[in-house]
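Got the model loaded and a selection box ready? Here is a short walk through it, one stop at a time.

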Amino acid sequence: MATGREIAQLCGVSVATVSRVFNQPETVNEDTRERVLRVARELGYQPNESARALSTKQSTMIGLVWDTDHRRPGWRHPYLQDLLIGLKSALSAHGYHLLMLATSGDAREVGASLADPVGYVNMTRRHHLGGLVLIDSGSDAEAFEAFAQSGVPCVALDVAVDGPKATYVTSDNAGGARMATGHLAGLGHTRIATITGPPGNQPSQARVSGYRAALQDAGLPWRDEYVVAGDFYRASGTAAMKRLLALDEPPTAVFAASDEMAVGAVLAARAAGLRVPHDLALVGFDDIEIAALVEPALTTVAQDKPGFGVAAAKAIMAMVTGAGREEPVVLPTKLVVRDSCGS
């Protein structure tokens with residue numbers, strides 16, 4: 001690949017002029033600028049992003065902080081994959097790039113972990129990153145708050161943070177759960193259980209609140225044995241459904257806080273000889289691709305995955321470019337009725 005020095009020699013200009021063409025084009029006369037750009041295109045020259053950020057004090061690189069050690073299946077969740085694709089697309093449309101900063105569980109590998117967010121903040125400054133996008137992995141609220149107070153522009157996904165250059169994007173998790181549970185109550189079910197996400201996860205907590213609100217709306221009692229924790233993944237849905245079916249008075253309907261867990265619940269019900277939705281009604285959350293493909297097709301609460309990316313990209317760029325801090329964004333959810341609840 002050609003270097004800036006080679007471009008300068010071929011064009012008969014200084015290396016500094018080549019740098020200004022890419023970093024401060026308005027300071028170079030038009031003829032010289034066009035000549036440098038033409039030669040750069042012919043040779044496939046690309047300016048060094050780190051050097052460019054250092055010289056212009058601006059960066060098109062945004063760091064993604066996500067603790068994904070071997071004990072956390074993070075990347076495997078289809079909803080999170082869709083969310084990241086939307087975020088990357090939204091940033092790319094504005095000329096920004098996403099750089100993964102997650103660890104694999106050993107902080108010594110990169111000198112930073114969510115237990116020590118200062119390491120990430122120092123890494124951000126060392127690599128001249130414009131800002132950070134933070135993804136919750138279950139119990140990182142304290143670390144995220146430290147990020148928010150660091151002064152580095154950051155946007156958290158599904159974690160409510162507050163700081164001078166920090167904001168967040170989330171879904172109406174409580175409202176979506178309330179719709180899902182209310183739908184089951186509207187079908188005549190009075191024994192409605194829920195399979196929750198991890199206890200320390202903010203969306204999980206909000207979905208439990210929505211479930212509770214829907215029970216109150218329908219005049220139904222809260223039953224502790226009908227609330228079983230999962231982790232948003234399929235195996236935990238299967239295990240939780242087995243626990244619910246083993247009760248002396250098992251539920252006739254279940255709201256699962258993710259589609260993956262709902263699919264796991266369907267498998268457990270079938271293994272117990274039950275038919276969905278004839279013997280057991282199920283509603284999930286997320287509306288991932290598999291929700292419409294399983295049998296029966298899954299009634300679920302849809303999140304605005306592309307909207308997540310657009311809102312997060314808009315918020316981080318506003319702070320990076322100095323336009324100001326965006327207010328937190330709560331995206332609407334909607335109920336998608338299919339076959340698994342028998343309506």
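Which residue follows α1, and what is the sign of its phi? Select G12: this glycine comes after α1, and its phi is positive, near 70°. Before going further, keep in mind that you are looking at a predicted model.

**Stop 1: α1 and its two sides**

Now step back into the helix itself, residues 4-11, and colour G4, I7, A8 and C11, which are the buried residues of α1. Turn the view until you look straight down the axis of α1: the buried residues fall within an arc of 100°, so one face of the helix is lined by them. The spacing fits a simple rule: an α-helix has 3.6 residues a turn, so residues three or four places apart point the same way. Swing round to the other side of α1 and you'll find R5, Q9 and L10 exposed.

Next, bring in α3, residues 30-43. Its axis and that of α1 come within 10 Å and cross at roughly 125°. That angle makes α1 oblique to α3, and the crossing is right-handed. To see who touches whom, show side chains for I7, L10 and C11 on α1, then R35, V36, V39, A40 and L43 on α3. Sorted by class, the residues of this contact come out as 7 nonpolar, no polar and 1 charged. Notice that I7 and C11 turn up here as well as among the buried residues of α1, while L10 takes part in the contact and is listed as exposed.

**Stop 2: α8 against α9**

Jump along the chain and select 173-186 for α8 and 202-218 for α9. How closely do the axes of α8 and α9 approach, and at what angle do they cross? They come within 7 Å and cross at roughly 40°, which makes α8 oblique to α9. The handedness of this crossing is right-handed.

Light up the contact next. From α8, pick N173, A174, A177, R178, T181, G182 and A185. Facing them from α9 are P203, A206, R207, G210, Y211, A213, A214, L215, D217 and A218. Count by class and the contact of α8 with α9 holds 10 nonpolar, 4 polar and 3 charged residues.

**Stop 3: α10 against α11**

The next pair is α10 (residues 234-245) and α11 (residues 259-271), with axes that come within 7 Å and cross at roughly 50°. Here too the verdict is oblique for α10 relative to α11, with a right-handed crossing. On the α10 side, select R234, S236, G237, T238, M241, K242 and L245. Their partners in α11 are E260, M261, V263, G264, A265, L267, A268 and A269. The class tally for α10 with α11 is 8 nonpolar, 4 polar and 3 charged residues.

**Stop 4: backbone oddities in the loops**

Time to switch to backbone view. Most residues other than glycine have a negative phi, and most peptide bonds are trans. The following spots are worth a click with that in mind.

- D158 sits in the loop between β4 (154-157) and β5 (166-171). Its phi is positive, near 70°, and at 12% relative accessibility D158 counts as buried.
- F232 is in the loop between β7 (227-229) and α10. Phi of F232 is near 80°, again a positive value in a residue other than glycine. With 14% relative accessibility, F232 is buried.
- P277 belongs to the loop between α11 and β9 (281-286). Check the peptide bond from V276 to P277: it is cis, with omega near 10°.
- P296 is in the loop between β9 and β10 (299-302). A cis peptide bond links E295 to P296, with omega about 0°.

**Last stop: P328**

Finish at P328, in the loop between α12 (305-320) and β11 (329-331). Is P328 buried, partly exposed or exposed? It is partly exposed, with a relative accessible area of 30%. Now measure across to A166: P328 and A166 are 162 residues apart in sequence, yet their C-alpha atoms are 9.1 Å apart in space. Show T167 and Y168 too, since P328 is in contact with both, leaving aside its neighbours within four places in sequence.

How values were computed. Residues are numbered from 1 along each chain as its sequence is written. Side-chain values use heavy atoms; hydrogens and water are left out. Axes are lines fitted to C-alpha atoms, for helices over the stretch in contact, and angles run from 0 to 180 degrees between N-to-C directions. Helices (H or I, at least four residues) and strands (E, at least two) are DSSP runs, numbered from the N terminus. Angles under 35 degrees count as roughly parallel, over 145 as roughly antiparallel, 65 to 115 as roughly perpendicular and the rest as oblique. A crossing is left-handed if the near helix is turned anticlockwise from the far one by less than a right angle, and right-handed if clockwise. Contact means heavy atoms within 4.5 Å. Ala, Val, Leu, Ile, Met, Phe, Trp, Tyr, Cys and Pro count as nonpolar, Asp, Glu, Lys and Arg as charged, and the others, Gly among them, as polar. Buried means under 20% relative accessible area, exposed over 50%, partly exposed in between (1.4 Å probe, protein chains only). The arc is that of the directions from the helix axis to the C-beta atoms.
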